[in-house]
Amino acid sequence: MSEAKLIDGRAAADSLRSQVAAEVAELRARFGVTPGLAVVLVGEDPASQVYVRSKGEQSLAAGMHSVTHRLSADTPQDVLIGLVRSLNADPAIHGILVQMPLPQGLDEKAVVEAIDPDKDVDGLHVVNAGRLSQGLASLSPCTPLGCMILLRQTLGDDLSGLRAVVVGRSILVGRPVAQLLLQADCTVTIAHSRTRDLAAVCREADILVAAVGRPRMIPGDWIRPGATVIDVGINRVPFDDPAKAAEGRTKLVGDVDFKSARQVAGAITPVPNGVGPMTVACLLANTVTAARRIHGI
Ligand code: NDP
């Protein structure tokens with residue numbers, strides 16, 4: 001069998017960002033509405049700082065109104081929630097994202113629940129999760145939305161009847177991606193750490209979504225020939241080359257063993273440059289969706 005087609009997340013994210021920028025321009029010109037995104041960063045976590053900077057830069061590049069609030073790690077819970085409430089009330093802001101993880105001592109769940117569900121562009125509020133599970137219009141989490149866009153680009157708009165297996169059941173990725181696949185009329189199985197004979201479950205999948213956080217856990221012989229594989233995992237591992245590894249250098253790999261999987265799958269996302277770039281692009285798209293709904297457009 002020939003090698004799997006590579007699903008290019010970078011190109012898909014570029015195209016989604018251009019589409020978002022065009023929609024932002026249209027909203028401004030026709031309705032005088034500039035979608036606004038507020039990102040809140042608490043503490044100094046280096047990875048979070050990189051993500052937050054990228055979200056700010058990309059929203060500005062798309063023509064949006066963008067604000068970033070940086071708070072110190074010792075910010076009390078009530079001050080953080082007070083900021084969220086003021087953003088809920090701010091008419092220039094249509095999307096609010098509090099960057100996770102929060103420093104110890106802050107209650108992430110309470111902070112997410114303080115966000116107005118109509119501005120919850122991360123799609124993590126229980127109201128949005130409930131709407132999604134009932135098949136109602138919701139703001140869905142960004143990474144799962146990105147997975148669906150990549151799947152539709154690869155397989156076409158009609159996914160109905162396909163067998164989908166999602167490995168992982170987190171609130172951030174596994175559960176919402178399973179709900180979106182169900183909405184698309186797939187037959188969905190959610191696997192997790194207690195699943196028996198995971199290999200056999202994975203082999204049933206026409207669509208396999210891996211969201212586990214374990215480097216290269218899924219080998220090629222767990223994949224049905226011709227299946228479409230969406231690898232959400234981002235894991236940092238030492239280089240295979242012992243010289244580079246000895247220097248302490250690391251690289252990113254997914255939850256799927258790319259080398260063996262590529263020999264079997266029909267299409268596969270690489271790591272990096274697969275699902276990863278889609279997440280921020282979908283955040284921008286969600287902000288536009290939120291702005292449209294808030295203004296009844
Ligand atoms: P979580 O740790 O919250 O969830 C992991 C899930 O994997 C759990 O449901 C867990 O099962 C399941 N699991 C763990 N071990 C096994 C196993 N041996 N067999 C089967 N299932 C197992 O992770 P996230 O969902 O937040 O993230 C998953 C991965 O996706 C990570 O690598 C993360 O970095 C990446 N990620 C990538 C993003 C992107 O932009 N591309 C965005 C978000 C995440 P159980 O519930 O039983 O414990």
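**Entry 1: β1 and its partner**

I started with β1 and strand β11 (residues 267-268). They pair in the parallel sense, over two bridges. I looked up one contact by name: the bridge partner of Leu 6 is Ile 268, in β11. I note here that this is a predicted model.

Next I traced the sheet these strands belong to. It is an open sheet of six strands. I wrote down the order as β1-β11-β8-β7-β5-β6, and the pairing is parallel. Which strands stand at the edges? I found β1 (5-6) and β6 (187-191), each pairing on one side only.

Then I looked for helices on this sheet. Helix α6 (residues 142-155) packs on it and touches β1, β7 (207-210), β8 (228-231) and β11. The direction of α6 makes about 155° with that of β8. Helix α7 (residues 174-183) packs on the sheet too. I listed its contacts as β5 (163-167), β6 and β7. The direction of α7 makes about 170° with that of β5.

A reminder to myself: strands of a sheet pair through backbone hydrogen bonds, either parallel or antiparallel.

**Entry 2: the sheet of three strands**

I turned to another open sheet, this one with three strands. Its order is β3-β2-β4, again with parallel pairing. Why is one side of β3 and of β4 left without a neighbour in the sheet? Both β3 (65-71) and β4 (95-98) stand at the edges and have a single partner strand each, so one side stays free of a sheet neighbour. I also noted the twist, which averages 15° from one strand to the next.

I checked the link between β2 (residues 36-42) and β4. Four bridges join them, and the two strands run parallel. One pair I wrote down is Val 39 with its bridge partner Leu 97, which lies in β4.

Two helices went on my list for this sheet. Helix α2 (residues 46-61) packs on it, touching β2, β3 and β4. The direction of α2 makes about 165° with that of β2. Helix α3 (residues 77-88) also packs on the sheet and touches β2, β3 and β4. For α3, the angle with the direction of β2 is about 175°.

**Entry 3: empty space**

Rolling a probe the size of a water molecule over the atoms shows where empty space is left.

How many cavities of 30 Å³ or more are there? I counted one. The largest cavity has a volume of about 40 Å³. Its lining is Val 98, Met 100, Val 112, Ile 115, Asp 120, Asp 122 and Leu 124. I sorted these residues into five nonpolar, no polar and two charged.

I then opened the second largest pocket, with a volume of about 220 Å³. It is lined by 14 residues, and the closest to its centre are Arg 216, Lys 251, Val 253, Phe 258 and Lys 259. The lining divides into six nonpolar, two polar and six charged residues. Which elements supply at least two residues each? They are β10 (250-253) and α10 (258-262). β10 gives the most, with three residues.

**Entry 4: the whole protein**

Last, I stepped back. I counted eleven helices and eleven strands in the protein. The C-alpha atoms fill a box of roughly 55 × 45 × 35 Å, taken along the principal axes. With 297 residues, a compact globule would have a radius of gyration near 19 Å. The protein has 20 Å, which agrees.

Technical notes. Residues numbered from 1 in each chain as written. Predicted model: local features only at pLDDT ≥ 70, side-chain atom pairs only at ≥ 80, totals over all residues. Heavy atoms only, no water. Pairing = 2+ DSSP bridges. Axes fitted to C-alpha atoms, helices over the stretch in contact; angles between N-to-C directions. Contact = heavy atoms within 4.5 Å. 1 Å grid on protein atoms, 1.4 Å probe; cavity = no way out; pocket = protein on both sides within 12 Å on 5 of 7 lines; lining within 4 Å. Points joined across faces, edges and corners; volume = space filled by probe spheres on them. Nonpolar A, V, L, I, M, F, W, Y, C, P; charged D, E, K, R; others polar. Rg over C-alpha atoms; globule rule 2.2 N^0.38 Å.
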